[in-house]
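Okay, thanks everyone, I'll keep this short. Let me put the structure up, and then we'll walk through it.

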Protein chains: 2
Amino acid sequence: MLTARRESLLGLVVDEYVETALPVSSRALVARHGLGVSPATVRNELAKLEDEGYITHPHTSAGRVPSDRGYRYYVEALMTEVPLQAEEARTIAHQFHQAEGSLDDWLALAAAVLAASVANAVVVTRPHGAAPRVRNVQLVQLRRDVALMVVVLDDGAVRERVLPVSDSTDQSELHALAERLGEHVAGRSAAHIRRDVESMEDEELRALAGTVVDLAEEHRSWHETFLEGLPALLAQPEFASGEQMLEAVRRLEGYEVGRLLESAEPAAPGDTRVLIGSENPDHEMHDWSMVVARYGGGDAAGTVAVVGPTRMHYERTIPRVRFVAALMGNLVNETRS
Amino acid sequence: MLTARRESLLGLVVDEYVETALPVSSRALVARHGLGVSPATVRNELAKLEDEGYITHPHTSAGRVPSDRGYRYYVEALMTEVPLQAEEARTIAHQFHQAEGSLDDWLALAAAVLAASVANAVVVTRPHGAAPRVRNVQLVQLRRDVALMVVVLDDGAVRERVLPVSDSTDQSELHALAERLGEHVAGRSAAHIRRDVESMEDEELRALAGTVVDLAEEHRSWHETFLEGLPALLAQPEFASGEQMLEAVRRLEGYEVGRLLESAEPAAPGDTRVLIGSENPDHEMHDWSMVVARYGGGDAAGTVAVVGPTRMHYERTIPRVRFVAALMGNLVNETRS
DNA sequence: GGTTAGCACTCTCGGCATGAGAGTGCCAGT
DNA sequence: ACTGGCACTCTCATGCCGAGAGTGCTAACC
């Protein structure tokens, strides 16, 4: 257990270091905050904190830096969340409502807005249900022998695929075909349809139903992610050198980001989870932190996460992630689905 | 006019510099390629080439580096394009056909494949017609009071929008509504529909037609771009330092990339255009080069471009861009759009 | 016992000089 | 026209030095 003084000292170290990115010295601590004691005393206390693993030392004659454990303690017991200013909340909400594009555009926008607000990278996944059902199938003729299949799923996703069709088919026939197809697939999940596919007598219909299954399963298994705020992230001093920056870009541009999030998803929507440094399951991410939240309801939920160095404004980031997740949840529930 | 020897020397300087990214010296030139002359002679020739502006000098005692003009001469008169190996062409074509996702996935894949092949960033725009017509409109009920409008345009684009609908509407009514809407909009361009909108008597129909116009115009005016290969680009030595890398990321992550391409689009599909350094209209891009090609036909064309430092493997990049553009064109014409 | 002043010690960092190395430019000779 | 030779320039790595920033420890103090 930490004494009250050590606690408050730890808090100051974290605040200071998060702000400046410079190791914080005992002198700076007493100078900047009117502690009633001398630097020497503070040094003794910091030494104790270091013994207990809450802070570290880059080298002998440098100031102190919080360790993962220190941040964890800070997040759990010390910090007081900094709520959004009315102004800020209004701006964000405004930007949200203003965007009238497709779901994809809107998600990218949401990610960008949050990224700007917390000055770190943001990853958002598209909302998806656990086992979405097919709402509607449409076949649209594009050319003589080419049609487009458009499938709408009940979590709001629209998937498309171009298909060759026999030369003589025209739009009204396609329409009828889609109608018949719909009878077999509408209201059913991919798994459900798949069971029926084999038993279909009509070969053409069977092939089409197979495509529907493909589209639905692709959608379910591959959670498309939107990444924004890369420049803001890279402007952080921890990525000042070329190699570190390249390393960071490689990590985030790779297609592993989705997997990253999966391992960290908080169970319940509305819940926000914080992963600090070595708490991260992926040990490539040991100097990174993530603040992850789910948004949306049971039948169409997604993930939104801030990704950045462990030196992060947790007290600002956490409420902002929560706010944006709530906002996204509302919009998804109200007008999207 | 350049003498034959100077020409070949310029070619060697470009080759060497593109390969190593190091200023090339007279000695290295005679050592590596069996020129029948001494370094001193080469120096004299290089001095002449420098006088005429084809190469430069970082500082007195450094080797030579091609100038924009030198690259231009190289691209126009000196280089012999390096065609793809059968192996390489097969691999790329294979990856292309293998991808069966939606158009978007496929475009991102194409960009990634090309980026990997030329080790630079690649920007691809979605194919779009000059004034696409509406092929099909569908209204799908997602919830009690929420519907999804899905519009298919004849350049193969699918756009969607979520709409509130009156509480009591059910799917069959929506279907009928879409049917009626289709009669007004099918086969027409956004501009055409817009003219009719005002004169519509039914208010609900008018609102819906307005949304169709919005979607079509958004699609037309905003050319979505896909960027891939950022890590490959940033691994180039010109971006070794942190600031330069950050600068590069800012430039490419910003939404200006699309505008960038517009100013550089070659007129005819099949045509490939090369912009070297200061030839770039945007003077922020003066140490960048772009190899730009159009793909697809008249009614649905897009742009594919390689973006990188002026020190670029033009002789490899140009045929690869052309190859990929042709491949994309074929696929767009055959099965898509 | 907690606190503090003082001080030795350590480590980083910027500046500076130095020397090696890499190139060029030019001149004089072939 | 070509070349060897040479002076000159510029970069870069290295080592050194001194200033500065911190700590850790000890001895004294309240």
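So, which residues come nearest to DNA strand D? Before I answer, remember that this is a predicted model. Right, there are 19 residues around DNA strand D, and the ones that come nearest are Ser25(A), Ser61(A), Val37(B), Thr60(B) and Ser61(B). You'll notice that list draws on chain A and chain B. As for elements, two or more residues each come from helix H2 (26-32) and helix H3 (39-51) of chain A, and from helix H3 (39-51) of chain B. H3(A) has the largest share of that surface, with four residues. If you like to think in classes, the surface near DNA strand D splits into 10 polar, six nonpolar and three charged residues.

Okay, now DNA strand C. Here we have 19 residues around the strand, and Val37(A), Thr41(A), Ser61(A), Ser25(B) and Ser61(B) come nearest. The elements giving two or more residues are H3 of chain A, plus helix H2 (26-32) and H3 of chain B. On this strand H3(B) gives the most, and that's four residues. By class, the surface near DNA strand C has three charged, six nonpolar and 10 polar residues.

Let's leave the DNA and look at how the protein chains meet. How many residues of chain B are in contact with chain A? The count is 37 from chain B, against 36 residues of chain A. On the chain B side, the elements that each supply at least two residues are strand S4 (134-143), strand S5 (146-153) and strand S6 (158-164), along with helix H10 (230-234) and helix H11 (242-253). That side of chain B is made up of 18 nonpolar, 10 charged and nine polar residues.

Last stop, a helix pair inside chain A. Helix H1 (residues 4-20) and helix H4 (residues 68-78) of chain A have axes that come within 10 Å and cross at roughly 110°. Anything from 65 to 115 degrees counts as roughly perpendicular, so H1(A) is roughly perpendicular to H4(A). As for handedness, the crossing of H1(A) and H4(A) is left-handed.

And who makes that contact? From H1(A) we have Glu7(A), Leu10(A), Gly11(A) and Val14(A), and from H4(A) it's Gly70(A), Tyr71(A), Tyr73(A), Tyr74(A) and Leu78(A). Sorted by class, the contact of H1(A) with H4(A) has six nonpolar residues, two polar and one charged.

Okay, that's my tour. Over to you.

Conventions: Residues are numbered from 1 along each chain as its sequence is written. Chains are lettered from A and ligands numbered from 1 in the order in which they are written. This is a predicted model: local features need pLDDT of at least 70, side-chain atom pairs count only at pLDDT 80 or more; totals for chains, interfaces and linings use all residues. Axes are lines fitted to C-alpha atoms, for helices over the stretch in contact, and angles run from 0 to 180 degrees between N-to-C directions. Angles under 35 degrees count as roughly parallel, over 145 as roughly antiparallel, 65 to 115 as roughly perpendicular and the rest as oblique. A crossing is left-handed if the near helix is turned anticlockwise from the far one by less than a right angle, and right-handed if clockwise. Two residues are in contact if their C-beta atoms, placed from the backbone, lie within 7 Å. Ala, Val, Leu, Ile, Met, Phe, Trp, Tyr, Cys and Pro count as nonpolar, Asp, Glu, Lys and Arg as charged, and the others, Gly among them, as polar. A residue is near a molecule or strand if its C-beta atom, placed from the backbone, lies within 6 Å of it.
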